[in-house]
Amino acid sequence: MGALPVYRWRLAPDGLATRRQLRALGLRPGGQDVAAQVERPRRRRDPLVAYLYRIDTAKPVRPMTPAKWAALAKANAARRICPECRRDAGYVIPPALGMCTSCAFPDEQRAA
């Protein structure tokens, strides 16, 4: 395979799309190779690059199965459990804190 065609930002031909654009259309690349790339120039830095795929050979997004829905629900529930107090915080635990706000800031909770 030769070098990929490179297009400037917003100048890619019709029939090509990024992964996000494919997803918005209900499609996925489906194992196809990258067809081209688009570059967005930036000052004093390397350009942003996005890979493009052919829309006509893209496949439909696979539907979620009940097992996938269950696994996703379990993973999201695990993100809500505080590792310190083992309670459901009612929100996703911030990765920066690593625990619920009650455990991270116990003095502020008592003052309130």
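## Salt bridges

A residue counts as exposed when its relative accessible area is over 50%, as buried when that figure is under 20%, and as partly exposed in between. With a value of 60%, Asp56 therefore lands in the exposed class. Keep in mind throughout that this is a predicted model.

Asp56 also has a charged partner: Arg54, with the closest N and O atoms 2.8 Å apart in a salt bridge. Arg54 has a relative accessibility of 39%, so Arg54 is partly exposed.

The structure holds two salt bridges. Besides the Asp56 pair, Asp88 and Arg80 meet through their side chains, with an N to O distance of 3.2 Å. Here Asp88 is partly exposed at 46% relative accessibility, and Arg80 is partly exposed too, at 30%.

## Cysteines without bonds

How many disulfides does the structure hold? The count is zero. As a reminder, a disulfide is a covalent bond between the sulfur atoms of two cysteines.

Take Cys85: the closest cysteine sulfur belongs to Cys82 and sits 3.7 Å away, which is too far for a bond. The cut-off that matters here is 2.5 Å between the two sulfur atoms. Cys103 is in no disulfide either, and the nearest cysteine sulfur, from Cys100, is 3.5 Å away. As for solvent, Cys85 is partly exposed with a relative accessible area of 26%, and Cys103 is partly exposed at 24%.

## Two arginines with positive phi

Most residues other than glycine have a negative phi. Arg10 goes the other way, with a positive phi of about 70° although it is not a glycine. Look for Arg10 in the loop between strand S1 (6-8) and strand S2 (16-17). Is Arg10 buried or exposed there? Arg10 is exposed, since its relative accessible area is 75%.

Arg44 also has a positive phi, this one about 60°, again without being a glycine. Its spot is the loop between strand S4 (36-42) and strand S5 (45-54). The relative accessible area of Arg44 is 87%, so this residue is exposed.

## A nonpolar patch

Over on the surface, Met64, Trp69 and Leu72 make a nonpolar patch of about 310 Å². Where does Met64 lie? You'll find Met64 in the loop between strand S6 (59-60) and helix H2 (66-78).

Met64 is partly exposed, with a relative accessible area of 38%. To join a patch, a residue needs over 30% relative accessible area, so Met64 makes it on that score.

## A buried proline

Pro29 sits in the loop between strand S3 (27-28) and S4. Despite that loop position, Pro29 is buried, with a relative accessible area of 12%.

Which residues does Pro29 touch, leaving out those up to four places away in sequence? They are Arg19, Leu22, Tyr53, Thr57 and Ala58. Along the chain, Glu39 is ten residues from Pro29, and the C-alpha atoms of the two are separated by 19 Å.

Conventions
Residues numbered from 1 in each chain as written. Predicted model: local features only at pLDDT ≥ 70, side-chain atom pairs only at ≥ 80, totals over all residues. Heavy atoms only, no water. Patch = residues over 30% accessible without salt bridge, like charges linked within 9 Å, V, L, I, M, F, W, Y side chains within 5 Å. Areas by Shrake-Rupley, 256 points an atom, 1.4 Å probe, with all protein chains shown as cover. Salt bridge = Lys/Arg side-chain N within 4 Å of Asp/Glu carboxyl O. Helix = DSSP H or I, 4+ residues; strand = E, 2+ residues; numbered from the N terminus. Buried < 20%, exposed > 50% of the residue type's maximum accessible area, 1.4 Å probe, protein only. Contact = heavy atoms within 4.5 Å.
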